[in-house]
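User: I would like to go through the labels attached to this model one at a time, and to hear for each of them what value stands behind it.

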Amino acid sequence: MKESLKQNFGYLFEEELLHEIVALGMLKKVPQGETMINIGDFISGVPLLLDGAIKVMREDELGDELLLYFIESGDTCAMTFSCFMGTRKSDIRAVAESDTQVLMIPLQQMELWMAKYKTWRRFILDSYHSRLQELLETVDTLAFMRMDERLLKHLQDKAKVNHSDVIHTTHQEIAADLHTSRVVVSRLLKKMEKEHIISMNRNQIKLLQL
């Protein structure tokens, strides 16, 4: 755990802070597809992502989901910190995109480190900024991109966070992420296959054009 922490965060944090993280953090292994944080949960810790990837989603009144963004190794979900600061329940659902290892930091420690460590304060603020940029990108995607363009971007994003041009998923899962129907996704994927942008096997899509 210590080596993984240094590999992902050693360039950001001083030794004293790294020692505190090791002493107070709780290592958690989350298998692919498992929900880490659900809508309505009270947040008990902030995740530092050591390995894998997490997708963060919102849900409407009917239970339909929309993918907001991915979190990769070396990052955190600043929205969990904002829930703590506002003493509110979670507004998002976080699901492991792949087998994932996270170091959970007690929320009570966050405020102390914000005052004590300039590097931690900068890390949290940078994370807020990154998430805001990704949310704006999601809004732009919904407002200005055609569904086929959204689908291709989604596949490229999944390939990036999983570090592989082969994506293990189903048409239904993609439809849920994009807040559309499986029929639409299947039709567009077949069109992309004919155009040699992807190739498909059972529950697997290979990107031919990254």
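User: Where do Trp 120 and Phe 123 lie, and how far apart are they in sequence?

Analyst: In this predicted model, Trp 120 and Phe 123 both belong to helix 5, which covers residues 118-144, and they are 3 residues apart, about one turn of the helix.

User: Why are Trp 120 and Phe 123 called buried?

Analyst: The label buried asks for a relative accessible area under 20%. Trp 120 has 0% and is therefore buried, and Phe 123, with 7%, is buried because that value also falls under the cut-off.

User: What makes a pair of rings stacked or tilted, and how many aromatic pairs does the structure hold?

Analyst: The structure holds 6 aromatic pairs. Phe 9 and Phe 13 form one that is stacked, with 5.9 Å centre to centre and 0° between the planes; the centres lie within 6.5 Å and the planes are under 30 degrees apart, so both conditions are met. Trp 120 and Phe 123 form a pair with 5.6 Å centre to centre and 50° between the planes, and because that angle is neither under 30 nor over 60 degrees, the pair counts as tilted.

User: Which residues do ring pairs link into a cluster?

Analyst: The cluster consists of Phe 9, Phe 13, Trp 113, Trp 120 and Phe 123. Of these, Phe 9 and Phe 13 are both buried.

User: Which residues have the most contacts inside the largest nonpolar core?

Analyst: That core has 35 residues, and those with the most contacts inside it are Phe 13, Ile 21, Leu 48, Trp 113 and Trp 120. Apart from it lies another core of 16 residues, including Leu 151, Leu 155, Leu 189 and Met 192. With neighbours within four places in sequence left aside, Trp 113 is in contact with Leu 17, Glu 20, Ile 21, Leu 24, Ile 105 and Trp 120.

User: How do you know that the charged end of Arg 131 sits over the ring of Tyr 69?

Analyst: The charged end of Arg 131 is 5.2 Å from the centre of the Tyr 69 ring, and a distance within 6 Å is what the label needs, together with a position within 35 degrees of the ring normal. The pair carries the label of a charge over a ring.

User: Why is Glu 14 called partly exposed, and with which residues is Glu 14 in contact beyond its sequence neighbours?

Analyst: Its relative accessible area is 31%, which lies between the 20% and 50% cut-offs, so Glu 14 is partly exposed. Glu 14 lies in the loop between helix 1 (2-9) and helix 2 (15-24), and, neighbours within four places in sequence aside, is in contact with Tyr 117 and Thr 119. The C-alpha atoms of Glu 14 and Trp 120 are separated by 9.3 Å, although the two residues are 106 apart along the chain.

User: What makes His 196 exposed and His 179 partly exposed?

Analyst: His 196 has 58% relative accessibility, which is over 50%, and therefore counts as exposed, whereas His 179, at 40%, is partly exposed because its value falls between the two cut-offs. His 179 is found in the loop between helix 7 (171-178) and helix 8 (182-194), and His 196 lies in the loop between helix 8 and strand 9 (198-201). His 179 has a positive phi of about 60° although it is not a glycine, and phi of His 196 is near 60°, again a positive value in a residue other than glycine.

Note on methods
Residues are numbered from 1 along each chain as its sequence is written. This is a predicted model: local features need pLDDT of at least 70, side-chain atom pairs count only at pLDDT 80 or more; totals for chains, interfaces and linings use all residues. Side-chain values use heavy atoms; hydrogens and water are left out. Buried means under 20% relative accessible area, exposed over 50%, partly exposed in between (1.4 Å probe, protein chains only). Helices (H or I, at least four residues) and strands (E, at least two) are DSSP runs, numbered from the N terminus. A nonpolar core is a set of buried Ala, Val, Leu, Ile, Met, Phe, Trp, Tyr and Cys residues joined through side-chain atoms within 4.5 Å. Contact means heavy atoms within 4.5 Å.
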